[in-house]
Amino acid sequence: MSSLAHVLAIPHPAQGHVIPMMEFAKKLVHHGCKVTFVNTEFNHNKVMKAMSSSKKDDDDCGGDGGLDLVSIPDGLEDGDNRFNLEKLRESMLRVMPGKLEELIEKAKNVDNRRITCVVAEGYTGWAMEVARNMGIKTVAFCPASASTAAVAWSIPKLIQDGFIHGNDGTILKKQFINISPTMPMLHSAAAFFWACFDDAGTIKSLFKLTANSNDYIAKFADFVVCNSANELEPAAFSLLPEFLPVGPLLASSKLGNQAGNFWAKDSECLSWLDQQPARSVIYVAFGSFTAFNQTQFQELALGLELTNKPFLWVARPGITFKETAEGDYPQGYKERIDQYLNESFICDVWKIGLRFEKDESGIIRQGEIKNKVEQLLGDEHYKATAMDFEEKIVNSVQSGGCSQKNLSKVIDWIREM
């Protein structure tokens, strides 16, 4: 009977959410579950295009047809701005629950295809509500850190204590705070991730999305899993005992075509990497939504060049506010959101990195980038600390580790019919 478990997974429509959910889906397939992975039509088209441009890898989807990629509309037109979070949120809530219910109903009429479990994020928590109303069990999947979740779940207390406005999430007190006695001190500007935008409408939209996600998880999730490890965030997990660490799921990923990538794999990068000495390449990436102004973009590019070190920069389309036909790189070289909470942990808690300092105009200059990279790479302490974390994390996701035990527990529960 366990082989009939059929999971429907639906992530929030952003690259940094889709990939971790896909890794979780692959784990389910590997353990004998059938998975239907639901993207928005807009993202599904990007994924299929990227896959068609890359060499197919039989291991990518379990090698046995256990993973189906499908889509439902998000309610927006192709030309609509999906970086407008409020517009996207409202459209998704209006259209997608009904379309998801239709998809689940359709699966009932196919042999051995009845959906038995729905996996969703808090941001797509309405899917868990649909599942609960249809008598289907649910798992909430947190793709981000447990500390991010801890901040989100502290919203009622933050409002009560006067740190943020209850209507739109704007910061009322800019100071260091303790989310709990067991967690490190965080500055409000770093901790309140929804307020790291300049646009008041976007702040309010992300705040509402975050607050609503808490409600969905509290009301409709049978299990809550987090893509992190207890070894990385013991204080946050002690604050959220219902969150089970099952990651980091990407630690066991294989190279090759990943179903879920919005952009095709660049095989030339892999060939180039193979030619570099071990641990010699600087990796640069800024997530799904970060957008730089032109000055900061060029300073970053020139600063990396000044290090005289090999680097690999993942610069997706739309990384600057203004794009030209020739691109926005400095001549001859063919901000909005910092990852504040990540920065705090990397620099202050784990002590495996350094933060950049901005000048009086708010720009991180190329000289600052060069100096900090050289300082980081020249200090063996940072390397040793990072290697120690790596060992602990690898042990956690291997057989007998904390994350692996939790993952097995959840998968066994999902497979129970």
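The following dialogue introduces the reading of several features in a predicted model.

User: Where should a reader begin, and how many helices and strands does the protein have?

Analyst: An inventory is a suitable start. This predicted model contains 15 helices and eleven strands. Of its 417 residues, 47% count as buried. The protein exposes about 20600 Å², and carbon and sulfur atoms supply 51% of that area.

User: How is a sheet read, and in which order do its strands stand?

Analyst: A sheet is read strand by strand, with attention to order and direction. Here seven strands form an open sheet, ordered β3-β2-β1-β4-β5-β8-β9, with parallel pairing. The edges are held by β3 (67–72) and β9; each has a single partner strand, so one side of each lacks a neighbour in the sheet. On average, neighbouring strands of this sheet are turned by 25° against each other, direction ignored.

User: What does the pairing look like at the β9 edge, and which residue stands opposite V225?

Analyst: Strand β8, residues 223–226, pairs with β9 in the parallel sense over three bridges. V225 stands opposite L244 of β9.

User: Which helix lies across β5, and what can be said of one residue within that helix?

Analyst: Helix α15, residues 402–415, lies across β1 (6–10), β4 (117–120), β5 (137–142), β8 and β9, and runs at about 155° to β5. Q404 belongs to this helix. Its relative accessible area is 16%, which is under the 20% limit, and Q404 is therefore buried. Apart from neighbours within four places in sequence, Q404 is in contact with S396, V397, Q398 and S399.

User: How does one describe the packing of two helices, and at what angle do α3 and α8 cross?

Analyst: One gives the distance and angle of the axes, then the residues that meet. The axes of α3 (residues 85–108) and α8 (residues 200–220) come within 8 Å and cross at roughly 35°. From α3, the residues L85, E86, R89 and L93 meet T202, S205, L206, K208, L209, N212 and Y216 in α8. By class, this contact has five nonpolar, three polar and three charged residues.

User: Which residues of helix α4 are buried, and what covers them?

Analyst: In α4, residues 126–133, the buried residues include W126, A127, M128, V130 and A131. Among the elements that cover the buried residues of α4 are β1, α3, β4, β5 and α8. After α4 comes G135, with a positive phi near 75°.

User: How should the sign of phi be read in residues other than glycine?

Analyst: The general idea is that most residues other than glycine have a negative phi. Two exceptions may be examined here. R279 has a phi near 55° and sits in the loop between α10 and β10 (282–284). N308 has a positive phi of about 60° although it is not a glycine, and it lies in the loop between α11 (294–306) and β11 (311–313).

User: Are these two residues, R279 and N308, buried or exposed?

Analyst: R279 is exposed, with a relative accessible area of 62%. N308 is exposed as well, with a value of 71%.

User: How is a peptide bond classified, and what kind joins G247 and P248?

Analyst: The omega angle is consulted; in general, most peptide bonds are trans. The bond between G247 and P248 is cis, with omega about 0°. P248 is found in the loop between β9 (243–245) and α10 (267–274).

Technical notes
Residues numbered from 1 in each chain as written. Predicted model: local features only at pLDDT ≥ 70, side-chain atom pairs only at ≥ 80, totals over all residues. Heavy atoms only, no water. Helix = DSSP H or I, 4+ residues; strand = E, 2+ residues; numbered from the N terminus. Buried < 20%, exposed > 50% of the residue type's maximum accessible area, 1.4 Å probe, protein only. Axes fitted to C-alpha atoms, helices over the stretch in contact; angles between N-to-C directions. Contact = heavy atoms within 4.5 Å. Nonpolar A, V, L, I, M, F, W, Y, C, P; charged D, E, K, R; others polar. Pairing = 2+ DSSP bridges. Areas by Shrake-Rupley, 256 points an atom, 1.4 Å probe, with all protein chains shown as cover.
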